Amino acid sequence: MTDIPIVVMGLMGAGKSTVARLLADALGRPMRDSDADLEARYGTTAAAMAAGLGADELHARESLVLREALAARPTPVIAAAASTVEDPETRRALAPAFVVFLDGPPEVLAERMKSSPHRPHFKPDLVRMLTEQRDLRLPGFREVADLTVDPSTHKPEEIAAAVLARLDGAGPTEKSH
């Protein structure tokens, strides 16, 4: 399991970047973050891309930077944009990775989003937006996830420890396809 990418996924505000950073540090791996990769490649934030180019173009770009990160060496820990599970090609690319799905209640995630202007707000009602996104993306998350954790009931350090324990004690994983 030491040479496969680890991907942390979930809706905006789930804590993907924090958990991915903890895992990368613990494993001595580079960390990739979809938000940072998007900004480095395109020179602007996800929120600005959504506003200027639309959600479909933003999501296509998020899938592209995730697939590039999955192929990177040394093998990274990746904080991936939630929209990427909507793309069948990207779900296939995630098959060999160890995927952690941070599945938090939309009400909690909406509160966390209010402090992050780099995140796109597609609707004024953040709870409704996140509920709709979760409903749309849940089948994709379930397809790719090796481990699902609620970030509203577990601290990032606890989530990272659970992932490390799974990686340490697990052989190859079988995703439910």
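**A predicted fold, from one ring outward**

Visitor: Let's start with Phe141: does this residue count as buried or exposed?
Guide: This is a predicted model, and the relative accessibility of Phe141 in it is 1%. The cut-off for burial is under 20%. Since 1% falls within that range, Phe141 counts as buried.

Visitor: Which residue forms an aromatic pair with Phe141?
Guide: Searching the whole structure turns up 1 aromatic pair. Its rings are stacked, with 4.2 Å centre to centre and 15° between the planes. The pair links distant parts of the chain, 40 residues apart, with Phe141 in helix H7 and its partner in strand S4. That partner, itself buried at 3% relative accessibility, is Phe101.

Visitor: And which residue lies over the face of Tyr42?
Guide: Here we look at a charge over a ring. The distance from the ring centre of Tyr42 is 4.0 Å, and the residue is Arg61.

Visitor: Which helix gives the largest share of the largest nonpolar core?
Guide: That core has 43 residues, and those with the most contacts inside it include Val7, Met9, Leu23 and Val163. One helix supplies 6 residues, the largest share. A second, separate core of 6 residues includes Leu38 and Met49. For the largest core, the helix asked for spans residues 126-144 and is H7.

Visitor: Which residues of H8 are touched by Leu23?
Guide: Leaving out residues up to four places away in sequence, Leu23 touches Ile6, Val8 and Val77, among others. Helix H8 covers residues 156-169. The contacts of Leu23 that fall in this range are Ala160, Val163 and Leu164.

Visitor: What distance separates the end C-alpha atoms of H8?
Guide: H8 has 14 residues, and at 1.5 Å a residue these should span 20 Å. The model agrees with this expectation, as its end C-alpha atoms are separated by 20 Å.

Visitor: What arc do the buried residues of H8 cover around the axis?
Guide: The buried residues of H8 are Ile159, Ala160, Val163 and Leu167. They lie on the same side of H8, because the arc they cover is only 100°.

Visitor: Which strands do those buried residues pack against?
Guide: The face turned away from the buried side of H8 carries the exposed residues Ala165, Asp168 and Gly169. The buried residues pack against helix H1 (16-27) and also against three strands: S1, S4 and S5.

Visitor: What share of the residues in the protein is buried?
Guide: The protein has 8 helices and 5 strands, built from 177 residues. The buried share of those residues is 47%.

Technical notes. Residues numbered from 1 in each chain as written. Predicted model: local features only at pLDDT ≥ 70, side-chain atom pairs only at ≥ 80, totals over all residues. Heavy atoms only, no water. Helix = DSSP H or I, 4+ residues; strand = E, 2+ residues; numbered from the N terminus. Expected span 1.5 Å × (residues − 1). Buried < 20%, exposed > 50% of the residue type's maximum accessible area, 1.4 Å probe, protein only. Arc of directions from axis to C-beta. Contact = heavy atoms within 4.5 Å. Core = buried A, V, L, I, M, F, W, Y, C linked by side-chain atoms within 4.5 Å. Phe/Tyr/Trp six-rings, centres within 6.5 Å; stacked < 30°, edge-to-face > 60°. Lys NZ or Arg CZ within 6 Å of the ring centre and 35° of its normal.
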